[in-house]
Amino acid sequence: MNPPVDPRLKPLCTRDDALAVLQRLRKAGHVAYFAGGCVRDVLLGLDAKDWDVATDAPPPRVRELFPSTQAVGAAFGVILVRSGRSIVEVATFRADGVYEDGRRPSSVRFTSAEEDARRRDFTINGLFLDPVEDRIIDFVGGRDDLAARRIRAIGSPSERFGEDHLRMLRAVRFAARFGFTIDAETERSIRQLAHTVTQVSRERIRDELTRMLTEGHARRAFELLDRTGLLQQVLPEITKLHNVAQPPEYRPEGDVWIHTMLLLEKLPAGCSQTLAWGALLHDIGKP
């Protein structure tokens, strides 16, 4: 038997290794699909960095079928499975109970693929791919939103953001990363609920902002943060850069906000966190 999976060392998962897990589940009589971001990226013509599997097999059954697993979220139906050189995340289809802390549901029940799709955050992330029959399973209109280049919450935006406040930051990040617009109702809900983002842990907020800064579309991300009111909540110091004048003979481009946005525009995808945060904060003392 292989040694147990250490979730702290989870490498990126390859398609072939994930496919082997998916096929084993299918051969055992279970429904199993690729799910979430990997499906979105395939439809966008991008290289998926990770491949997750969703199935109707409950966690004990997943652990029974594979010799090397780690339960990192068995109560939520998530098992890590060692396959080849990868660690594959296998999640049981679930519906969530009440979210009491703005982050996790208080309970879950295992259910169908359709219900699982409808509890996810955005339509573009609620897609499944059946690689055996080579078909997309779309219960939430995700393919239409990909075609329209639109970020839209699944169901009621206020409910989705009330469940996990970090989703508001994720909406901005996805819109910036893919060059999409945010659906009008979804953006309206972000504006109305922006103040609740402060209930998210500082570490989770930091990680989302770092991704925005290092994915190659930092200016767009921070302009969207500013427009939706999220920036005032998470980094009010940055909003103070607006209308701070600079000597035109040295900074003809405009105020400190414009100057900083122009610099963020130059940050390449994959740049270091230190460079990215330095670019954002280099003139933070001017106000």
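**From arginine 63 to the phenylalanine cluster**

Leaving out residues up to four places away in sequence, arginine 63 touches Thr69, Gln70, Ala71 and Ile79. The model in which these contacts appear is a predicted one, and the distances and accessibilities that follow should be read with that in mind. Arginine 63 has its place in helix H3, which covers residues 59–65, and because its relative accessibility is 38%, arginine 63 counts as partly exposed. With one of the residues it touches, threonine 69, arginine 63 also makes a polar contact from side chain to side chain, at 2.9 Å. Isoleucine 79, another of the residues touched, is 16 residues away from arginine 63 along the chain, and the C-alpha atoms of these two residues are separated by 7.6 Å.

Another part of the model can be approached through helix H7. Helix H7 has 13 residues and reaches 18 Å from its first C-alpha to its last, which is close to the 18 Å expected at 1.5 Å a residue. Since 11 of those 13 residues are buried, helix H7 is largely enclosed by the rest of the structure. The buried residues of H7 include aliphatic and aromatic side chains such as Leu166, Leu169, Val172, Phe174 and Phe178, but Arg167 and Arg173 are also among them. After the helix comes glycine 179, whose phi is positive, near 70°.

The aromatic residues of H7 lead to the ring pairs, of which a search of the whole structure finds eight. In one of these, the rings of phenylalanine 122 and phenylalanine 174 have their centres 6.2 Å apart and their planes at 85°, and because an angle over 60 degrees counts as edge-to-face, the pair is edge-to-face. Phenylalanine 122 lies in the loop between helix H4 (113–118) and strand E8 (127–130), whereas phenylalanine 174 lies in helix H7 (residues 166–178), so the pair ties together parts that are 52 residues apart in sequence. Both phenylalanine 122 and phenylalanine 174 are buried, and for phenylalanine 174 this assignment follows because its relative accessibility is 3%.

Phenylalanine 174 also pairs with phenylalanine 178: the ring centres are 6.2 Å apart and the planes stand at 10°, so this pair is stacked. Because phenylalanine 174 and phenylalanine 178 are four residues apart in helix H7, they are separated by about one helical turn. Phenylalanine 178, at 10% relative accessibility, therefore counts as buried. Taken together, ring pairs link Phe122, Phe161, Phe174, Phe178 and Phe180 into a cluster.

A charged side chain is also placed against a ring of this cluster, for arginine 173 lies over the face of phenylalanine 174, at 5.0 Å from the ring centre. Elsewhere, arginine 15 lies over the face of tryptophan 51, at 5.6 Å from the ring centre.

Arginine 173 leads on to glutamate 208, which is found in helix H9 (residues 202–214). When neighbours within four places in sequence are left aside, glutamate 208 is in contact with Leu166, Leu169, Arg170 and Arg173. Glutamate 208 has a relative accessibility of 3% and therefore counts as buried. Its side chain makes a polar contact with the side chain of arginine 211, at 3.0 Å.

Note on methods: Residues are numbered from 1 along each chain as its sequence is written. This is a predicted model: local features need pLDDT of at least 70, side-chain atom pairs count only at pLDDT 80 or more; totals for chains, interfaces and linings use all residues. Side-chain values use heavy atoms; hydrogens and water are left out. Rings of Phe, Tyr and Trp (its six-membered ring) pair if their centres lie within 6.5 Å; planes under 30 degrees apart count as stacked, over 60 as edge-to-face and the rest as tilted. Helices (H or I, at least four residues) and strands (E, at least two) are DSSP runs, numbered from the N terminus. Buried means under 20% relative accessible area, exposed over 50%, partly exposed in between (1.4 Å probe, protein chains only). A charge sits over a ring if NZ of Lys or CZ of Arg is within 6 Å of the ring centre and within 35 degrees of the ring normal. A polar contact is a pair of N or O atoms within 3.5 Å; within protein, one must be able to donate a hydrogen and the other to accept it, and residues adjacent in sequence count only if both atoms are side-chain atoms. Contact means heavy atoms within 4.5 Å. The expected span of a helix is 1.5 Å times one less than its number of residues.
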